[in-house]
Amino acid sequence: MVEVKHLTKTYGDIKAVDDISFTVNDGEILGFLGPNGAGKSTTMNIITGYISSTGGTVTINESEILKDPKGAKSQIGYLPEIPPLYMDMTVRKYIEFMFSIKKVKLPKQAHIDEVLSLTKLMDHQHRIIRNLSKGYRQRVGLAQALLGNPPVLILDEPTVGLDPNQIREFRTLIKGLGKKHTVIFSSHILSEVSAICDRIVVINNGRVVADTKTLELSSAITGRDTLSLQVEGSVTSVTSALKTVTGVRKISVDKQLGENIYSYTVEHEKGTDIRKGVFHAMSKNNMPILYMNEGGMSLEEAYLRLTSDKPLKGGKK
Amino acid sequence: MKAILKRELGSFFNSAVGYVVMGIYYFFAGLFFYFYCISGNSKDMAGLFSSMFMITVLVIPIITMKSLSEEKRQKTDQALLTSPLGLGEIVVGKFLGSLIMFVCCLAIYILFALTLCFYTNGSPDWAVFFGNLLGTILLGASLIAIDIFISSLTESMIISAIVGMCAGLLIFFIDSIANLVSVGWISTAISSLSFVDHYQNYTTGIFSVADTVFFLSITVLFNFLTLRVLEKRRWS
């Protein structure tokens, strides 16, 4: 668990980070979202102990970064914005070097093989890093962050500069990692964060402007002509009942939320209000509606509003 | 620390730096060896060593120029400072890496001494030889500590090298500076910092505890200052 409390960092008169607090639970993927220069990297550098904070505390599984830096640092795998690579080394030599300075206790060669194959670098392990493309360098950076299976992974804009295929691979990889690690993942790309993360913290000008479940922030990502639903009942019976409602165009199942509870996105014809129809269709079949939200703001709009200077109503927790 | 040391040595010998430095050092050592010993028909190596003092002062900044400045520029210091490694381990690893590189340069003297054994009657004065060798190593260690400290202050290895060389020359001419000062006690204070003075005893084969302590103190002091610079960077 990562606990950030009242973190502040000032450079002269400039407040780079201004009273940021959030908590990341075990096994959670937290999206750290904000425009360029919002203070994302500074916050991450403080969490990882690269720079100090002016005020506030960071605790990694009970080790405070300033009081027990070695204990805290040994639990973090960090991929900074620019991967810290020694250009004159080969991939394997570099990973071996990082293995030693991280004082990893696992069997050396076997663990390195494991990390290299996870990041798909096995075929490139004897190449000199200088000669690798950006995407591969990023992977080497990720490989070093994964060394020692740290419980907390901090990734600073890991997909910047990658091609769409590599981005996709990276996302799948990070999603997979989220099962075993606590991940803090920063980005200024919305769709990326909403695709990967369980929760989003949006910061702007060094302040937290929103801290919500991704689902809530993106509940209306597709715009005003959609209806977000959470219904208890089997998928087949809910969809067939929804199809009977006039105006419904497309039904998609988003996510399973609990036993027999699913969330749906229902696209309907512009200008129609299908809420009553949906209510009657569901109640007729005895399937309780747990959540219903008509369109509303898209994630993009929410983000733009959040990161402009006008505060979003109800956005701040 | 072992990992840092290994990586330092790797960076010298996997790139041209190590070989260029050794080449320069061997070239001048060979030149002075030729003048003093072969051409001058002498077994006395003291002249060779004192002539190399200047070369040492100029070569060491080239060894240390990348040490911390390049880490900062390439952002690899992020990997070092966010690892569970202590700052002391980083500094000592860097220092020992450069010192070993310098000792590799000094290896040539052993070859010279052996050459003298074979081609002259009797061997060179071993006391003088080892005195000089020890003196050069201690001098080198203190200069390395100073130059790594300089390297920790900048992101540019060119600046690091040039400032290092200037600092070296300042150290070299410190006696002349002391002579220029007319106030007696200040002059004495400055000249007591003279590296050349402290080096003198070794050239005659005398092991002086005071001089050894002087060089070791400089070494420890500047390694400590480097440590503080790394720590301060974290706090600023």
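Here are a few worked exercises on the predicted model above.

Before you start: in this predicted model, local features need pLDDT of at least 70 and side-chain atom pairs count only at pLDDT 80 or more, while totals for chains, interfaces and linings use all residues. Residues are numbered from 1 along each chain as its sequence is written, chains are lettered from A and ligands numbered from 1 in the order written, and side-chain values use heavy atoms, leaving out hydrogens and water.

**Exercise 1. Work out which strands pair with β13 of chain A, and in which sense.**

Step 1: Find β13(A) at residues 261–268. Strands here are DSSP runs of E with at least two residues, numbered from the N terminus, and helices are runs of H or I with at least four. Two strands pair if DSSP finds at least two bridges between them.

Step 2: Go to β11(A), residues 226–232, which runs antiparallel to β13(A) with seven bridges. In this pairing, A:L227 has A:V266 as its bridge partner.

Step 3: Now take β12(A), residues 248–258, joined to β13(A) by eight bridges, also antiparallel. Here A:S252 is matched with A:T265. Two residues sit between the strands of this hairpin, and A:N260 has a positive phi near 65°.

Step 4: Check the cover: seven of the eight residues in β13(A) are buried (buried is under 20% relative accessible area, exposed over 50%, partly exposed in between, with a 1.4 Å probe and protein chains only).

**Exercise 2. Compare the burial of the partners in two salt bridges, A:K40 with A:E157 and A:D113 with A:R92.**

Step 1: Apply the cut-off: a side-chain nitrogen of Lys or Arg within 4 Å of a carboxyl oxygen of Asp or Glu. For A:K40 and A:E157, the closest N and O atoms are 3.4 Å apart. A:K40 is in helix α1 and A:E157 in the loop between β7 and α6 of chain A, 117 residues apart. Both A:K40 and A:E157 are buried.

Step 2: A:D113 and A:R92 come to 2.9 Å between their closest N and O atoms. They join helix α4 to helix α3 of chain A. A:D113 is partly exposed at 29% relative accessible area, whereas A:R92 is buried at 11%.

**Exercise 3. Find where chain A calls for caution over confidence.**

Step 1: pLDDT is the predictor's confidence in each residue, from 0 to 100. Chain A has a mean of 84, and 89% of its residues reach 70 or more.

Step 2: Look for stretches under 50: these include residues 218–223 and residues 310–317.

Terms used. Contact = heavy atoms within 4.5 Å.
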